[in-house]
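This report describes how the helices and strands of one protein chain are arranged. Please keep the sequence and the model at hand while reading.

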Amino acid sequence: MRAESEVSGDIINDFPYFVSHKTGDGIIKAYALCIGPTEYPGDKDLPYPDDDAFSWATYLSEHKYNVTCIVGYVDSETIILAIKNLLEAEDADDYVAFIYSGHGSYIYDPEFEKNVSAIWLSDGKFITQDFFAEVNSLLDSNHVFWFFDACTIGGMRILGTTGRYVAMASNETTYTYGSSQYEHGVFTYYFLIDALMKKNNDSSDDGNWAEDAFDYAYKECTSETIPIYPEEADGNPDKAFYIWDNRIQGRDSSIGGGNPPPNPPETPIITPYYVSLNIRESEDISAPCTTTIPVSYTHLRAHETSLH
């Protein structure tokens, strides 16, 4: 997730929609956005963000999350609309996860006259930490998991307020990368695949504590030949943050619901009104897709690169 220091697109600081706040309805549901852009301007394509997003979608859907997975050509409008729909669906009782793997940037923001971390998307636009801070305040959920596998993304630590946990692959000046050995971003591999999926961490219960997954990933990432230095921000450091909970109820069919597809990650749950991809390699997975509307999903396998 190589950092792009030259600003070649618009900077987005503000969430453009009004969303009413909601109290809990007494039912615990879970909602996740898993975002993995692989198509970028110029020669900046990345090979593994879609794999990262698919793996997170698989893991979270197995634990009853309503998952929206957006990969390939991912523009800012698509992300903003997906967040709008998420905000309209969740309430104070629910679990929320936001997963991003892709390019990160640490750029000067003339509106606030300061440097900020931002995600960089396929349309060349930057969505900043201040945008996500506004979204963070609009979320009614008291249990929000933020995960960023990107370079120079450490400014997202401002999201680590009460009831929130943030895992970041870098600070404002450090970098991360993807590995052909793991076929994922290195941070995602150790945090998700090795720690959470294989349960190679010290968590009690079901091995779903974010803090223990981070500790394991930090140890492994810093031991790599090219070390990575992840960071975390924990809004409740005195207690464990559970990524999922056995009390979570079944999926909402209007937000990418249904049972997990038979062979993820090749067939992730995708919410149709979020997906608009037009890339090189096409694969129709409307049959195994579990949404209420058939979906034709287009998958990019970008050229491989060492740093992303």
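## Burial and overall make-up

A residue counts as buried when its relative accessible area is under 20%. The model is predicted. By that cut-off, seven of the 10 residues of helix 3 are buried, so helix 3 is largely enclosed by the rest of the structure. The buried residues of helix 3 are Q129, D130, F131, F132, V135, N136 and L138. Strand 6 is likewise largely enclosed by the rest of the structure, because five of its seven residues are buried.

Across the chain, 60% of the 308 residues count as buried. The chain holds five helices and 14 strands. Of the contacts between residues at least 6 apart in sequence, 70% join residues at least 24 apart.

## The four-stranded sheet

One open sheet has four strands in the order 1-7-6-5, with mixed pairing. Its edges are strand 1 (residues 11-12) and strand 5 (residues 104-109); each has a single partner strand, so one side of each has no neighbour in the sheet. Strand 1 pairs with strand 7 (residues 126-128) in the parallel sense, over two bridges. In this pairing I11 lies opposite F126 of strand 7.

The other pairings in this sheet are antiparallel: strand 5 is joined to strand 6 by six bridges, and strand 6 to strand 7 by three. I107 stands opposite V116 of strand 6, while W120 has F126 of strand 7 as its bridge partner. F126 is thus named both opposite I11 and as the partner of W120.

Two hairpins connect these strands. The hairpin of strand 5 and strand 6 has four residues between the strands, and E113 there takes a positive phi near 55°. The hairpin of strand 6 and strand 7 has five residues between the strands, and G124 in its turn has a positive phi of about 80°.

## Helix 3 and its neighbours

What does helix 3 lie across? Helix 3 (residues 129-138) lies across strand 1, strand 5, strand 6 (residues 114-120) and strand 7, and runs at about 55° to strand 7.

Helix 3 also packs with helix 2 (residues 76-89), at an angle of about 15° and with the axes 11 Å apart. Helix 2 and helix 3 are therefore roughly parallel to each other. The crossing of helix 2 past helix 3 is right-handed. On the helix 2 side the contact is made by I80, I83 and L87, which meet F131, F132, V135 and L138 of helix 3. By class, this contact has seven nonpolar, no polar and no charged residues. F131, F132, V135 and L138 also appear among the buried residues of helix 3.

## The six-stranded sheet

A second group of strands forms an open sheet of six, in the order 3-2-4-8-9-12 and with mixed pairing. Strand 3 (residues 65-72) and strand 12 (residues 231-234) are at the edges, each with a single partner strand, so one side of each is left without a neighbour in the sheet. Direction ignored, neighbouring strands of this sheet are turned by 5° against each other on average.

At one edge, strand 9 (residues 164-168) pairs with strand 12 in the antiparallel sense over four bridges. V166 stands opposite A233 of strand 12. Helix 5 (residues 210-221) lies across strand 8, strand 9 and strand 12, at about 165° to strand 12.

## Helix 1 and helix 4

Helix 1 lies across strand 2 (residues 30-37), strand 3, strand 4 (residues 95-101) and strand 8 (residues 143-149), and runs at about 170° to strand 3.

Which residues of helix 1 and helix 4 meet? D52, S55, W56 and Y59 of helix 1 meet T188, F191, L192, I193, L196 and M197 of helix 4. By class, this contact has seven nonpolar, two polar and one charged residues. The axes of helix 1 (residues 49-62) and helix 4 (residues 186-197) come within 11 Å and cross at roughly 25°. Helix 1 and helix 4 are therefore roughly parallel to each other, and helix 1 passes helix 4 in a left-handed crossing.

Definitions and conventions
Residues numbered from 1 in each chain as written. Predicted model: local features only at pLDDT ≥ 70, side-chain atom pairs only at ≥ 80, totals over all residues. Heavy atoms only, no water. Axes fitted to C-alpha atoms, helices over the stretch in contact; angles between N-to-C directions. Parallel < 35°, antiparallel > 145°, perpendicular 65-115°, else oblique. Left-handed = near helix turned anticlockwise from the far one by under 90°. Contact = heavy atoms within 4.5 Å. Nonpolar A, V, L, I, M, F, W, Y, C, P; charged D, E, K, R; others polar. Pairing = 2+ DSSP bridges. Buried < 20%, exposed > 50% of the residue type's maximum accessible area, 1.4 Å probe, protein only.
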